[in-house]
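Here is a walk through the fold, from the ground rules to the strands, the helices and a couple of arginines. Have the viewer open and follow along.

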Amino acid sequence: MNRLATNFCGINFENPFVLAASPCTDELEMAKNGFRAGWSGAVLKTTHVESLVYEPVSPIICGYDFEDKKVVGLGNIDVLSKYPVNVVEERVKELKKEFPKKIVITSVAGTDRNTYHEVVKRLIAAGADAIECTTFCPQGHAGLKSGQGLSEDPLTVAQMTSWVKEAAGDIPVFIKFSGEVNQIDNSRAVKVARGDAVNISSVYKAILGIDLDTYVPYPSVDGKSTYAGFMGTATKPQCLQHVSEVAKKIDIPIIAGGGTTFWQDCIEAVLVGAGLIQICSAVMRNGFRIVEDLIDGCDTYLEERGISNLSELIGKSLPSIVGQDELNKGSRLVSSIKRDLCVKDDLCYISCRDGGHMAMELGDDRIPIVDEEKCAGCGLCLTVCQ
């Protein structure tokens with residue numbers, strides 16, 4: 001029994017784990033390696049008509065580190081694939097021939113109805129299983145100023161979705177957003193325009209750091225830089241928020257595309273409403289073989305709980321997500337110290353003293369003593385405890 005088999009928008013995926021459009025999918029052999037490793041699908045990096053000449057810069061990637069943790073987040077200043085549609089359509093044919101059970105999704109860019117139509121029709125003819133369209137890269141304007149994210153205007157999102165869907169016909173169309181825009185309005189626009197699903201990517205415009213010697217932000221391109229798209233583990237909380245908000249208000253299939261690193265992250269995304277998971281940063285950091293851990297972890301979780309298929313968990317957490325006014329104001333928790341487990345690092349004491357409610361003192365043995373009258377049950381001590 002395949003507990004991870006997923007039907008999304010009428011497409012059968014052997015598991016819910018799909019490589020997102022990224023450098024991981026921009027070379028044919030890399031996409032093949034991803035399929036060989038166990039990924040059920042891949043979104044090839046965003047392509048375009050031959051007349052749109054895109055010249056990538058270098059470098060395009062920088063990491064966001066915290067203390068001893070490398071690449072807690074990842075920033076990139078890339079936009080499109082350097083490969084136009086004539087190259088990508090041949091890759092689609094080869095991938096479908098060699099991996100007929102794998103799902104090949106193509107990400108497309110255009111500037112008007114005609115360019116979207118041309119790219120979409122050619123890729124579908126080549127064998128693409130679905131079409132994805134990103135709305136937050138400066139890949140064209142479609143009525144807006146060049147360089148603006150299309151998803152800043154839901155009406156433009158609806159227009160673009162309708163163009164892509166016109167050309168795609170019965171082939172599913174997924175529309176991808178950044179984390180900075182109104183997810184509800186844009187998801188509603190996609191649904192009205194007959195788009196099949198939304199991809200909540202949680203990519204944010206950001207500056208990841210600045211070289212204190214040159215004063216140039218990272219990554220530096222010949223002494224200049226620009227705003228990066230911030231993604232990775234650090235964006236998971238926002239992704240869960242956005243997915244849940246859309247799932248609660250709009251009846252449309254959802255792809256979670258932000259912050260997933262471990263199998264637990266995948267379960268959480270499904271619990272708030274996602275039916276498919278796209279991953280990019282974790283693969284760029286740790287390689288294609290992380291899919292083995294994702295598959296084993298999720299399958300074991302389902303088996304231990306007697307759940308026959310992952311789809312049974314979709315949206316299970318949504319009833320627990322309520323407004324502030326609906327939370328129980330009558331309960332009060334009080335901190336309690338497990339003396340035999342205390343490592344005497346003072347973290348809970350310091351955080352309570354300077355960031356909580358001054359409800360702790362240190363005993364002669366340096367084990368914290370809680371003043372239950374002062375303790376507000378905020379949870380800060382538990383949060384910082386090693």
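## Ground rules

Helices (H or I, at least four residues) and strands (E, at least two) are DSSP runs, numbered from the N terminus. By that book-keeping, Arg-188 lies in helix H5. This is a predicted model, so local features need pLDDT of at least 70 and side-chain atom pairs count only at pLDDT 80 or more, while totals for chains, interfaces and linings use all residues. Residues are numbered from 1 along each chain as its sequence is written, and side-chain values use heavy atoms, with hydrogens and water left out.

## The barrel

Start with the strands. Two of them pair if DSSP finds at least two bridges between them. In general, strands of a sheet pair through backbone hydrogen bonds, either parallel or antiparallel. Here 8 strands close into a barrel, with parallel pairing and the order S3-S4-S7-S8-S9-S10-S13-S14. From one strand to the next, the twist averages 30°; for angles, axes are lines fitted to C-alpha atoms (for helices, over the stretch in contact), and values run from 0 to 180 degrees between N-to-C directions.

Where do S3 and S14 come together? Strand S3 (residues 17-19) and strand S14 (residues 276-279) run parallel and are joined by 3 bridges, with Phe-17 partnered by Ile-277 in S14. Further round, S7 and S8 are parallel too, joined by 4 bridges, and Ile-105 has Ala-130 of S8 as its bridge partner. S9 and S10 also run parallel with 4 bridges; there, Ile-175 is partnered by Val-198 in S10.

## Which way the side chains point

In a regular strand the side chains alternate between the two faces of the sheet. In S8, Ala-130, Glu-132 and Thr-134 point one way, Ile-131 and Cys-133 point the other way, and all are buried. Buried means under 20% relative accessible area, exposed means over 50%, and partly exposed is in between (1.4 Å probe, protein chains only). S8 is mostly covered, then, with 5 of its 5 residues buried.

S10 gives a similar kind of list: Ala-197 and Asn-199 point one way, Val-198 and Ile-200 the other way, and all are buried.

## The open sheet

There's also an open sheet of 4 strands, in the order S5-S6-S12-S11, and its pairing is antiparallel. Its edge strands, each pairing on one side only, are strand S5 (61-66) and strand S11 (204-206). The twist in this sheet averages 45° from one strand to the next.

S5 and strand S6 (residues 69-76) run antiparallel, with 5 bridges joining them. Cys-62 stands opposite Gly-75 of S6.

## Helices against helices

Helix H2 (residues 85-98) and helix H3 (residues 113-126) have axes that come within 8 Å and cross at roughly 25°. That makes H2 roughly parallel to H3, where angles under 35 degrees count as roughly parallel, over 145 as roughly antiparallel, 65 to 115 as roughly perpendicular and the rest as oblique. On the H2 side, the contact (heavy atoms within 4.5 Å) is made by Val-85, Asn-86, Val-88, Glu-89, Val-92 and Lys-93, and on the H3 side by Val-119, Arg-122, Leu-123 and Ala-126. By class, that H2 and H3 contact has 6 nonpolar, 1 polar and 3 charged residues. For the classes, Ala, Val, Leu, Ile, Met, Phe, Trp, Tyr, Cys and Pro count as nonpolar, Asp, Glu, Lys and Arg as charged, and the others, Gly among them, as polar.

Helix H6 (residues 236-249) and helix H7 (residues 263-271) have axes that come within 9 Å and cross at roughly 20°, and are therefore roughly parallel to each other. Lys-236, Leu-240 and Val-243 of H6 meet Asp-265, Glu-268 and Ala-269 of H7. By class, this H6 and H7 contact has 3 nonpolar, no polar and 3 charged residues.

## Two arginines

Helix H5 (residues 183-192) lies across strand S9 (173-177) and strand S10 (197-200), running at about 160° to S9. Is Arg-188 of H5 buried or partly exposed? Arg-188 is partly exposed, with a relative accessible area of 38%. Arg-188 and Cys-348 are 160 residues apart in sequence and 45 Å apart in space, C-alpha to C-alpha.

Arg-91 lies in helix H2 and is buried, with a relative accessible area of 13%. Leaving aside neighbours within four places in sequence, Arg-91 is in contact with Asp-26, Glu-27, Leu-28 and Tyr-83.
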